[in-house]
Amino acid sequence: MEKVKRNILLNPGPATTTDSVKYAQVVPDICPREIEFGELMRSISHDLTAIVGNPEDYVTILFGGSGTAAVESMLTSVVGNNGKVLIINNGAYGKRQTQIADAFGLDYVEFNSSPLEPIDFDLLEKEISKYQDTLTHISMVHHETTSGLLNDISAVGSLCKKYGLKLIADTVSSYAGIPMDMRESNISFMASTSNKNIQGMAGICFVIANRSDLEELKSKPVSNFYLNLYKQYEYFEKTGQTRFTPPVQTMYALRQAIDEALEEGIDKRYERYTACWKILISGLEDIGLKYHVALENQSHLITTIQEPESEGYTFSDLHDYMIKKDFTIYPGKVGELNTFRIANIGDIQPEEMERFVDYLSEYMDRLD
Ligand SMILES: *Cc1c(COP(=O)(O)O)cnc(C)c1O
């Protein structure tokens, strides 16, 4: 297997992949309605579920699409036309949920919270109790990729239990990177994608659902078509096929990525990500660059960094400096703060993070 040129993506997804995942896409042409391909998808669905729950009680529904498609599928299929959802918004991805809700005319209440500070659960509970007669769901982002803030999903899950609500979670940037358990956290539906912590190629998104909560959607009035979660589930259970053409080659890459994730183990993957993050954090402290979220509230997967004030600095200058060294970095404003973001997800080793920190230090020295 010839080595593919190595680019290290420090953007928050798509993440860096192994060569074996890249090469897994090169397979004989196959019609996705063949039984063999159905078996591949069943194994993928089963193993994606098993990462966060018991496949007897939970099930993964696959779609062709980016992560946002899975979030859109959940909100439109689960809240539907007769539910009312409280959306926790503490960053760009929380806001995106309100945009989806607006686009489909869903009945929702928005709960705003700082993108840099933990959720105030007393305030959240007050808001829930205000609407408790009509509210059916809470929707949240587990890891707010905007800032690297990790929201306490189990605490929201407990509130859902107390008020008889179902929890919907965008776990796009936490799934398979941070160990989770859907039952323990009382999550009914969660969404993710093939190209973040599971370390596959972009193109597949999925919703993992509690089976009995999913069955309740059977007769729910909804306004969607391609992204109809129940129909996609029902059709796949019956036929072993997706309703519409899946990204065939991406599916083979995802199979390989899952094998590699299981081989590494999600706990170990989180440890590797954390080791990379620690190198980054101590590098930033040495260089004198500021990060915004308190360490104990960070995900260890993404860090929001204050842009340097130094003359001559622009984000695009730093980006171009890094890309010549095969590192890709990503901009990202948080509110009024001028920041950029470093994600340390994907197939990245601590030695590579050390190299990145050295380059960053070199770059900053050049500015002074
Ligand atoms: C990446 C991401 C998404 C999905 O983004 P796409 O570009 O649609 O794949 C959704 N939510 C969060 C929290 C994310 O990090």
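**Exercise 1.** Which residues are around the ligand?

*Solution.* The structure is a predicted model. Begin with the part of the shell numbered below 100: Ser66, Gly67, Thr68, Tyr93 and Arg96 are among the residues around the ligand. Continue along the chain, where Val141, His143, Thr145, Asp170, Val172, Ser173 and Lys196 belong to the shell as well. Next, sort the shell by residue class: three residues are nonpolar, six are polar and three are charged. Finally, turn to the helices: helix 3 (67–79) and helix 4 (92–104) each supply at least two residues of this shell.

**Exercise 2.** Determine which polar side-chain atoms lie within 3.5 Å of the ligand, the cut-off for a polar contact, and how far the ligand is covered.

*Solution.* Take the oxygen atoms of the ligand to begin with. A polar side-chain atom of Ser66 lies 2.5 Å from one ligand oxygen atom, and a polar side-chain atom of Lys196 lies 2.7 Å from a ligand oxygen atom. Then take nitrogen: the side chain of Asp170 has an N or O atom 2.6 Å from a nitrogen atom of the ligand. As for cover, the ligand on its own has 380 Å² of accessible area, of which the protein covers 84%. The space that the ligand takes is the largest pocket.

**Exercise 3.** Classify the ring pair formed by Phe63 and Tyr226, and locate both residues in the chain.

*Solution.* The count of aromatic pairs comes to ten. For Phe63 and Tyr226, the ring centres are 6.5 Å apart and the planes stand at 40°, so the pair is tilted. Phe63 is in strand 2 (residues 58–64), whereas Tyr226 is in the loop between helix 8 (211–215) and helix 9 (229–239). The two residues are 163 residues apart, and the pair thus links distant parts of the chain.

**Exercise 4.** Describe the backbone at Pro14 and at Gln199.

*Solution.* The peptide bond from Gly13 to Pro14 is cis, with omega near -5°. Pro14 is found in the loop between strand 1 (8–9) and helix 1 (19–23). Gln199 is a residue other than glycine, yet its phi is positive, near 70°. Gln199 lies in the loop between strand 9 (189–193) and strand 10 (204–210).

Terms used: Residues numbered from 1 in each chain as written. Predicted model: local features only at pLDDT ≥ 70, side-chain atom pairs only at ≥ 80, totals over all residues. Heavy atoms only, no water. Near = heavy atom within 4 Å. Polar contact = N/O pair within 3.5 Å; in protein donor to acceptor, adjacent residues only side chain to side chain. Areas by Shrake-Rupley, 256 points an atom, 1.4 Å probe, with all protein chains shown as cover. 1 Å grid on protein atoms, 1.4 Å probe; cavity = no way out; pocket = protein on both sides within 12 Å on 5 of 7 lines; lining within 4 Å. Sits in = over half its atoms within 2 Å of the grid points. Helix = DSSP H or I, 4+ residues; strand = E, 2+ residues; numbered from the N terminus. Nonpolar A, V, L, I, M, F, W, Y, C, P; charged D, E, K, R; others polar. Phe/Tyr/Trp six-rings, centres within 6.5 Å; stacked < 30°, edge-to-face > 60°.
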